[in-house]
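Open the model in your viewer and keep the side chains at hand. The tour goes from one selection to the next.

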Amino acid sequence: MRSEDFNKEKERLRERMSNIKHKIVVLSGKGGVGKSTFSANLSVAFAMKGYGGKVGVLDADIHGYSIPKLFNITSERLYQADEGIIPVEGPLGIKVASAGFLVQDEDSPIIWRGPLKAQLIRQFLSDIIWGELEYLIIDLPPGTGDEPLSIAQELPDPDGAIIVTIPSELSERVVRRSVNFAKALNLPVIGIVENMSGFVCPHCGTRVDILGSGAGEKIAKDLKVPFLGKIPLDPRISESGDKGVPFILEDKNSEIAKIFLDITDKIESFVRGR
Ligand code: ADP
């Protein structure tokens with residue numbers, strides 16, 4: 001890209017992002033811990049709290065995008081308009097951008113190297129018509145690779161990062177890396193969420209800590225970052241994800257929905273207190 005075009009893009013990015021009050025990054029040390037499920041439910045929770053139409057989700061997991069599936073909008077595509085690219089609309093008017101809206105079919109892998117991925121992320125930030133948003137949730141791929149670095153470099157004034165983990169010994173080190181990564185990039189750590197934390201048998205009510213217990217809370221304490229809460233392992237969460245209806249929308253009055261909303265309240269207090 002010529003330097004003149006690059007500068008224009010930077011200018012556009014700054015302007016688009018200046019219309020977004022709070023930008024929250026969701027990270028995890030490794031895959032499969034429920035980071036995207038959490039991002040999807042968090043955005044719905046914000047929309048339910050009265051910010052409908054003013055919430056966006058940027059699915060920055062370019063190889064492993066899953067937000068389109070979680071919102072049941074996989075057949076949607078991004079369209080170019082005069083003033084930019086129109087985001088896809090998810091539940092409750094949530095605006096969504098994802099690499100999943102650019103591929104021909106869902107089974108084709110996206111085979112891109114770092115610079116192309118960085119370019120796409122820049123375009124998602126600068127060319128999508130996000131409009132005036134209260135919250136933009138950015139779902140990053142696991143680990144500390146190209147996309148988290150691009151976001152950290154390109155995103156003006158992020159509010160901070162939420163780190164999603166599972167409560168096992170093994171994930172402890174991985175989470176420490178994510179917390180230290182955020183700190184190295186000057187991203188405030190909003191807090192740690194422990195997902196898949198305990199399973200309550202629907203038949204006898206006994207709680208079983210299938211993946212261990214308390215690692216997220218322990219790390220938060222050790223590293224002096226906030227602990228946001230524990231979300232149980234519950235097959236209804238994965239079933240609703242498979243259906244493309246975030247659990248919090250499906251069963252608004254459940255204990256699990258209350259946990260999501262409580263975590264959302266804590267996140268809101270953090271970003272408003274900045
Ligand atoms: P990640 O984004 O970290 O790779 P996903 O959000 O794609 O993880 O979740 C991985 C799988 O785990 C999905 O099938 C999802 O439905 C399931 N899942 C996530 N959180 C829970 C939970 N609390 N209870 C049960 N299943 C869950």
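Select Arg 122 to begin: in this predicted model, Arg 122 has a relative accessible area of 13% and is therefore buried, as the cut-off is under 20%. Now add Glu 154, which is buried as well, at 17% relative accessibility. The two side chains form a salt bridge, 3.2 Å from N to O. Arg 122 belongs to helix α4 (residues 114-127) and Glu 154 to helix α5 (residues 146-154), so the pair ties together parts that are 32 residues apart in sequence.

Next, select Asp 222 and Arg 176. Their closest N and O atoms are 3.1 Å apart, in a salt bridge. This pair connects helix α7 (residues 215-223), which holds Asp 222, with helix α6 (residues 169-184), which holds Arg 176; the two residues are 46 apart. Asp 222 is partly exposed at 40% relative accessible area, and Arg 176 is partly exposed at 24%.

Move to helix α1 (residues 3-18). Glu 9, Leu 13, Arg 16 and Met 17 are its buried residues. Viewed down the axis of α1, the buried residues fall within an arc of 90°, so they line one face of the helix. Exposed on the other side of α1 are Ser 3, Glu 15 and Ser 18.

Finish with the strands. Strand β2 (residues 55-59) runs parallel to strand β6 (residues 95-98), joined by 4 bridges. Which residue of β6 is the bridge partner of Val 57? Select Val 96, which is also the bridge partner of Val 88. Strand β5 (residues 88-89) pairs with β6 in the antiparallel sense. In the turn of the β5–β6 hairpin, Leu 92 has a positive phi of about 55°.

Note on methods. Residues are numbered from 1 along each chain as its sequence is written. This is a predicted model: local features need pLDDT of at least 70, side-chain atom pairs count only at pLDDT 80 or more; totals for chains, interfaces and linings use all residues. Side-chain values use heavy atoms; hydrogens and water are left out. Two strands pair if DSSP finds at least two bridges between them. Buried means under 20% relative accessible area, exposed over 50%, partly exposed in between (1.4 Å probe, protein chains only). The arc is that of the directions from the helix axis to the C-beta atoms. A salt bridge is a side-chain nitrogen of Lys or Arg within 4 Å of a carboxyl oxygen of Asp or Glu.
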